[in-house]
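Please look over the model shown here with its aromatic side chains and its surface charges in mind. A short report on both topics comes after it.

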Amino acid sequence: MTPFLVILALAMLGAGASVVYRAGRWIVPAGHVGVVRRVRGPAYGDPRFRRVTPYNSRGIHAVTLPPERPRWLFPGLYTVEYVPRVDIPEGSLGLVTALEGKRRPAGQRLGMPVPCDDFQDGRTFLLNGGEQGRQAATLPGDASYYINTMLFEVEVVPRTYVPSGTVGLVLAAAGKVRAPGRPFGRHVECDDFQDGAAFLRAGGEQGRQLAVLAGGTYYDINPSLFEVITTDDPGVRADEATARQLREIDVPVGYTGVVITLDGEEPAEEEKVGPRIAGHRNYRLPWVFLEHGGRRGVQGETLKEGTVYALNPWFVRVMLVPTYVLNMEWSKKDSAMKGNYDAKLEQIDVTIQGIRLQVDLSQTLRIPPAVAPTLVSEFGSTLSADAGGGLVDDPLPVQRFVDRVLGATVATYFSEIAAGATVKEFLSGYLEIRTDLAAQVRNALKGWGVEAVRTNLGEFESQDSDFYTHRKEAFAMEARGDVLAIEERNVDREVAIDKKRMEGERLRLIMALQAEIDVFGQENAVVMRMIREMSNLPVPEVISGDVSQYLQSMPLQMVRDLLLRVRRARADDPLTEGGAAAREVVESVTQELPE
């Protein structure tokens, strides 16, 4: 062969190679993925892979071509289809359905995940036992994925959002079947239901779940595995009762939250209130409560005031019981007051001796938080066991307690008064009645652990007009008696004053006489006093009759007789001046003085 022919042959061979190279060269555009299909060649006939194959055989290949990377495939054996990459926007996630793979076991709703780089490595997915159908794993949002769309279909759905102030309830659509009689699936850790594979591998069960989703948060939850009930659901928005149950439990100040668990062990017959169970964090971890033997029904541990709790309304119902000071009034009630705690306390009407009296009464009391569960257990609620949970503001337990304990105590007390007292005794002993009634109310409430703060027995009235007429008459007579009693006391005081004055005058005269005796001597003092008194005797201006007898009664004659008696007295007593006789004269004169 001549050199020319050799050169020509090489040129033709180079040109042909160039044509072949260009015919087999593939460059996938940016933002796309190349799906390879072999149109000629052997068919391995693997029954597991009828549509997409992980091998280099005829059919759609699981392996794809990445973008912007030149690849050469033998011309005529392969075709490449450019498909857009899968973009999952922010706030969304991707649900993946495998169109090829191993058949799932019977009863298994979702395909279990296998390592395959978020479904971007189809060949590894198929060879490692990836299963057909909807997958338990999802694709997170705000990312792009180069996925073989002939092997996987991707559905973009919004992330699950639970509004603030509410909780999300979860229903598992896949998993093991619960044991008979168990209303909830067994709790397993699965990152707030965002790891569906962990849920299934750990033996998660179908149906209602004990854990809830906290509000104000987005979750990457696979809706094919879990149904999440929130207040944003159209059906819930239309049902106010369900929407109320999904709200967080907010216990206001002045109340305590009495918890009623809707699942747990059967309580003993005499067990009115469930015992405290440790570790469940105020019922936020219901599975801990159940694992430690928590009872169904009213619980002794209450929820504190001023606190917010994210609790599962399928598991608990919380009843608000007031712990602030309540004022109960016995008064006429209208329909607007039927929700009041004292709604059944009517005005007290007592008949005494045929007289009807209406009495105003009020009682303040306080229910300690530790007592609230007992009241709820004993006096019940208007809600049935299957009415659901959540926060309930039901006044019935306190209403029944007030009516059956407080109201009955007061009614019995006034019935006893009506049977054994008179109207006069009732009116005169009103203060004692209040004190006695307060003591009986205090003892009755103390038996339930409730504090009686104050009993106020107010005014009374009567529908009988004669009652007020007789009462006015009785009041007038009583007022007249009060006036007479005052006058009597004044007279007694005046008599006592007169006696005091007379006694003072007598003492003054005795002291004056004693002073004269001390100065002038006993005899002289007596004579001087007698002369002083006689000088004050009246002397008539005209004398008629027997003048000699009248002269015998004149003061001068009397003084003369006294002097003679004094001289004789001195003569009779040689030891002292005057002696006993003089003293006798002084005493006789003193006795003649007025008291």
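The report below treats aromatic pairs, then an aromatic cluster, and then a charged surface patch in this predicted model.

## Aromatic pairs

The structure holds 17 aromatic pairs, and one of them is formed by Phe 119 and Phe 125, whose rings lie 6.2 Å centre to centre with 55° between the planes, a tilted arrangement. Phe 119 is buried, with a relative accessible area of 4%, and Phe 125 is buried as well, with a value of 0%.

Another pair is that of Phe 401 and Trp 448, which counts as edge-to-face because the planes of the two rings stand at 75°, with their centres 6.0 Å apart; the cut-off for this class is an angle over 60 degrees. This pair links distant parts of the chain, 47 residues apart, since Phe 401 belongs to helix α8 (residues 396–420) whereas Trp 448 sits in the loop between α10 (430–446) and β27 (451–462). Phe 401 counts as buried at 0% relative accessibility, while Trp 448, with a relative accessible area of 29%, is partly exposed.

## An aromatic cluster

Four aromatic residues, namely Phe 184, Tyr 283, Phe 289 and Phe 315, together form one aromatic cluster.

## A negative surface patch

On the surface, Glu 189, Asp 191, Asp 192 and Asp 195 make up a negative patch. Glu 189, one of these residues, is found in the loop between β13 (167–172) and α3 (196–201), and its relative accessibility of 63% is the reason that Glu 189 counts as exposed, given that exposed means over 50%.

Notes
Residues numbered from 1 in each chain as written. Predicted model: local features only at pLDDT ≥ 70, side-chain atom pairs only at ≥ 80, totals over all residues. Heavy atoms only, no water. Phe/Tyr/Trp six-rings, centres within 6.5 Å; stacked < 30°, edge-to-face > 60°. Buried < 20%, exposed > 50% of the residue type's maximum accessible area, 1.4 Å probe, protein only. Helix = DSSP H or I, 4+ residues; strand = E, 2+ residues; numbered from the N terminus. Patch = residues over 30% accessible without salt bridge, like charges linked within 9 Å, V, L, I, M, F, W, Y side chains within 5 Å. Areas by Shrake-Rupley, 256 points an atom, 1.4 Å probe, with all protein chains shown as cover. Salt bridge = Lys/Arg side-chain N within 4 Å of Asp/Glu carboxyl O. Lys, Arg positive; Asp, Glu negative; His and termini not counted. Charge placed at Lys NZ, Arg CZ, Asp CG, Glu CD.
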